[in-house]
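Here's a quick briefing to read with the model open beside you. Take it topic by topic and click along as you go.

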Amino acid sequence: MRFVSSRGGVAPTGFDEALAAGLAPDGGLYVPESIPGIDLTTPRATLAQTAEAVLAPYLVQSALAGRLSDLCTDAFGFDAPLRAMRGSGDWLLELFHGPTAAFKDYAARFLAGALAALRPAGAPLSTILVATSGDTGAAVAAAFHRRPGFRVVILYPEGRVSPRQAHGLECWGDNVETYRVAARFDDCQRLVKQALSDGALRSRVTLGSANSISLGRLLPQAAYYAHAGAHHHAATGRLLNVIVPTGNLGNACAAVLARRMGAPLGALHLACNANDTLPRFLAGADYAPMATRTTLANAMDVGAPSNIERLRHWFDGDDAALRGAVRATAVDDVRIRAAIAASPVRHGVVPCPHTAVGLEVLADLRAAGDTRDWAVVATAHPAKFETIVEPLVGHGVEAPVALAACLARPAIARTLRADADALRALLLGAT
Ligand SMILES: *Cc1c(COP(=O)(O)O)cnc(C)c1O
């Protein structure tokens with residue numbers, strides 16, 4: 001299996017090279033040359049086994065092929081249960097049982113394990129550069145923390161993450177440096193993209209990416225959709241339809257991938273916050289990225305979702321076909337609050353603000369008479385967003401064990417100017 005750029009401007013390359021590069025040299029995103037169809041209807045016993053089956057076709061020629069099983073055991077060692085909620089045909093796909101209590105833990109751990117396994121002995125220090133709107137940074141930090149040969153540099157938009165998220169970003173130390181930037185997430189992401197496409201800089205520093213633009217983040221995410229879909233289909237004979245709280249479109253692209261590979265999944269509905277670039281586009285408007293709006297579901301505050309390039313590529317630039325295959329709805333903060341407050345009674349769950357966006361979309365579908373089986377993807381644990389969630393549900397939300405451990409460590413605050421030169425100097429600086 002080889003990988004090409006979504007912009008079509010580079011020669012096909014292997015998985016290992018694409019993984020090391022992050023962004024394709026023409027500024028596009030790496031995508032598999034073709035999407036393999038495999039048997040994903042027969043359920044496998046564990047999530048790690050499903051992950052191995054899903055990833056194997058992409059890694060046949062990779063140096064990692066022989067270690068895929070170990071990589072999957074490590075990255076998918078915590079559960080992703082599909083839980084029945086109160087309400088007929090309403091399911092919750094819980095992806096928050098990892099070390100930082102958000103879905104990004106799975107793929108971040110896979111990526112870290114893969115990059116570590118590919119590292120030649122004696123290779124120079126590799127710097128993993130990450131822009132985060134909240135959860136990516138923590139997942140990447142946890143995944144790379146104390147791995148020899150790696151330096152992790154995280155940029156996050158100051159004041160736009162919850163206090164617990166900020167703590168989860170700043171509590172690592174050792175080989176992890178976290179910087180607050182007085183800017184929006186899109187600005188942080190632009191700084192990272194600039195650095196990654198700066199040839200002069202890259203000749204002096206070994207840079208890698210761990211954002212959702214990385215193939216090593218994208219592909220593993222298909223595993224939990226395939227796993228949930230197969231088990232649901234085996235138990236009920238029906239397809240599982242999914243509602244994915246969406247920001248940069250990485251997680252949702254993985255659902256598209258799982259469905260294309262043959263997982264028994266039905267409809268895919270993107271649940272967006274007030275950043276409605278995707279709902280507008282999928283409803284028929286021209287694609288028009290916009291400035292980011294700050295919302296309660298901050299990990300989805302993205303006005304220019306970078307993975308749109310992958311999605312359009314998979315539909316051969318045929319936007320009509322894309323609009324037929326993927327729907328999207330925008331939910332504003334007023335409705336997010338209402339959904340959090342209503343969910344304990346309506347569904348028997350306390351959702352994080354991102355998951356609440358998905359639950360609100362489910363409510364819309366039910367109100368319109370939709371009777372299919374829908375799983376809302378629970379992208380993070382509500383305890384990460386306690387300042388929003390607790391007042392709305394009227395009681396405390398306990399942090400899961402791993403998150404509590406992280407919160408018990410001291411935070412180290414550093415700041416960075418929102419400026420390419422400042423980032424360059426930092427990356428060139430010795431540590
Ligand atoms: C990252 C994140 C999202 C958005 O996922 P994308 O892959 O960027 O679309 C949604 N919810 C939470 C909690 C997240 O951390």
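A residue is called buried when its relative accessible area is under 20%, exposed when that value is over 50%, and partly exposed in between. Keep in mind that this is a predicted model. With those cut-offs, Leu 249 counts as buried because its relative accessibility is 2%.

**The ligand and its surroundings**

- The ligand has 15 residues around it, and the ones that come nearest are Lys 104, Asp 135, Gly 247, Asn 248 and Thr 379.
- Thr 379 uses its side chain: one of its polar atoms there is 2.8 Å from a nitrogen atom of the ligand.
- With Asn 248 it's the backbone, where a polar atom is 2.8 Å from a ligand oxygen.
- Gly 250 also brings in its backbone, with an N or O atom 3.1 Å from an oxygen atom of the ligand.
- How much of the ligand does the protein bury? On its own the ligand exposes 380 Å², and 97% of that is buried by the protein.
- As for cavities, the largest one is the space that the ligand takes up.

**Two residues with positive phi**

- For background, most residues other than glycine have a negative phi.
- Leu 249 goes the other way, with phi near 75 degrees.
- You'll find Leu 249 in the loop that runs between β9 (240–245) and α11 (250–261).
- Asp 174 isn't a glycine either, yet its phi is positive at about 55 degrees.
- Asp 174 is in a loop too, the one between α6 (163–170) and β7 (176–181).
- Is Asp 174 buried or exposed? Its relative accessibility is 55%, so Asp 174 counts as exposed.

**Ser 126 in strand β5**

- Strand β5 covers residues 126–131, and Ser 126 is part of it.
- Ser 126 counts as buried because its relative accessible area is just 12%.
- Leaving aside residues up to four places away in sequence, Ser 126 touches Arg 119, Gly 149, Phe 150, Arg 151 and Thr 206.

**Ala 420 in helix α19**

- Ala 420 belongs to helix α19, which spans residues 420–428.
- Its relative accessibility is 35%, so Ala 420 counts as partly exposed.
- Which residues does Ala 420 touch, not counting those up to four places away in sequence? Those are Leu 191 and Gln 194.
- Ala 420 and Arg 190 are 230 residues apart along the chain, but their C-alpha atoms are separated by 9.1 Å.

Conventions
Residues numbered from 1 in each chain as written. Predicted model: local features only at pLDDT ≥ 70, side-chain atom pairs only at ≥ 80, totals over all residues. Heavy atoms only, no water. Helix = DSSP H or I, 4+ residues; strand = E, 2+ residues; numbered from the N terminus. Buried < 20%, exposed > 50% of the residue type's maximum accessible area, 1.4 Å probe, protein only. Contact = heavy atoms within 4.5 Å. Near = heavy atom within 4 Å. Polar contact = N/O pair within 3.5 Å; in protein donor to acceptor, adjacent residues only side chain to side chain. Areas by Shrake-Rupley, 256 points an atom, 1.4 Å probe, with all protein chains shown as cover. 1 Å grid on protein atoms, 1.4 Å probe; cavity = no way out; pocket = protein on both sides within 12 Å on 5 of 7 lines; lining within 4 Å. Sits in = over half its atoms within 2 Å of the grid points.
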